[in-house]
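Colleague: I have just opened this entry and would like to go through it with you. Could we begin with one residue and then work outwards?

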Amino acid sequence: MQNGSVTELPEDARAAAHALTRVARVLEHTLPRATTTELSMADFRMLSAVADGEGRASRLAERLAIGKPTVSSTVDALVRRGLLVRTTHDVDQRAVDLALTGDGERAQREAEDALAALIVEIAARTPDPAATLAALAGFGDALEQRQADAAASRAAARATESAARAARG
């Protein structure tokens, strides 16, 4: 892909795009009914990111590709529900870290189990369920790398712009 235009697509790329959007919708509809805490997909993503060690709102916004106001409102709701807790950062007293509560850990695990069971059920309908699951896991890893590369590019662009402003004086 260059400048937003695709020059050549593999034969199955469009079918894969449609399949992934349908899977996302199925997971989104299934999750609230499959858990006792009635988590939304946004709630699950936030709890999962915090469980993975992303305790700062700015990093959550970048990792989840959402705005800081969305992070704030989702965090506020999860704190009110007793699934997240805010703590003061050890070194920077102005910073706030997020952590799962015991209920938050249980809710995140329950949601992850429900989603994984649905994915296993769908993968079982493919010619090679194990290969399908492995490909999906690899796709997730590739997505994480793509997001990390994009974040690094944005940070480099900000640093370049900042240096240019400083040089102009």
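Modeller: Certainly. This is a predicted model, and a suitable place to start is Asp-43, which touches Thr-74, Leu-78 and Arg-81 once residues up to four places away in sequence are set aside.

Colleague: Which element does Asp-43 lie in?

Modeller: Asp-43 belongs to helix α2, residues 41-51.

Colleague: Is Asp-43 buried or exposed?

Modeller: Asp-43 is buried, because its relative accessible area is 11%, and the cut-off for burial is under 20%.

Colleague: What joins the side chains of Asp-43 and Arg-81?

Modeller: The two side chains share a polar contact of 3.1 Å.

Colleague: Turning to the helix as a whole, how many residues of α2 are buried?

Modeller: Eight of the eleven residues in α2 are buried, so the helix is mostly covered. Those residues are Met-41, Asp-43, Phe-44, Met-46, Leu-47, Ser-48, Ala-49 and Val-50.

Colleague: And what covers the buried residues of α2?

Modeller: The cover includes the helices α1 (13-34), α3, α4 and α5, together with the strands β1 (84-88) and β2 (96-100).

Colleague: Let us take α4 from that list. How do the axes of α2 and α4 cross?

Modeller: The axes come within 10 Å and cross at roughly 90 degrees, with α4 spanning residues 68-80. That angle makes α2 roughly perpendicular to α4.

Colleague: Which residues meet there?

Modeller: From α2, Ala-42, Asp-43, Met-46 and Leu-47 take part, and they meet Val-71, Thr-74, Val-75 and Leu-78 of α4. By class, the contact has six nonpolar residues, one polar and one charged.

Colleague: What happens just after α2?

Modeller: Gly-53 takes a positive phi there, of about 105 degrees.

Colleague: Now for the overall fold. In what order do the elements run?

Modeller: From the N terminus the order is α-α-α-α-β-β-α-α, which comes to six helices and two strands. The C-alpha atoms fill a box of roughly 60 × 50 × 20 Å along the principal axes.

Colleague: What share of the residues in the protein is buried?

Modeller: Buried residues account for 22% of the 169 residues. As for contacts between residues at least 6 apart in sequence, 50% of them join residues at least 24 apart.

Colleague: Finally, what pLDDT does the protein average?

Modeller: The average is 90, and 95% of the residues score at least 70. Among the elements, helix α5 (residues 102-123) has the highest mean, 96, and helix α3 (residues 57-64) the lowest, 84.

How values were computed:
Residues are numbered from 1 along each chain as its sequence is written. This is a predicted model: local features need pLDDT of at least 70, side-chain atom pairs count only at pLDDT 80 or more; totals for chains, interfaces and linings use all residues. Side-chain values use heavy atoms; hydrogens and water are left out. pLDDT is the predictor's confidence in each residue, from 0 to 100. Helices (H or I, at least four residues) and strands (E, at least two) are DSSP runs, numbered from the N terminus. Buried means under 20% relative accessible area, exposed over 50%, partly exposed in between (1.4 Å probe, protein chains only). A polar contact is a pair of N or O atoms within 3.5 Å; within protein, one must be able to donate a hydrogen and the other to accept it, and residues adjacent in sequence count only if both atoms are side-chain atoms. Contact means heavy atoms within 4.5 Å. Axes are lines fitted to C-alpha atoms, for helices over the stretch in contact, and angles run from 0 to 180 degrees between N-to-C directions. Angles under 35 degrees count as roughly parallel, over 145 as roughly antiparallel, 65 to 115 as roughly perpendicular and the rest as oblique. Ala, Val, Leu, Ile, Met, Phe, Trp, Tyr, Cys and Pro count as nonpolar, Asp, Glu, Lys and Arg as charged, and the others, Gly among them, as polar.
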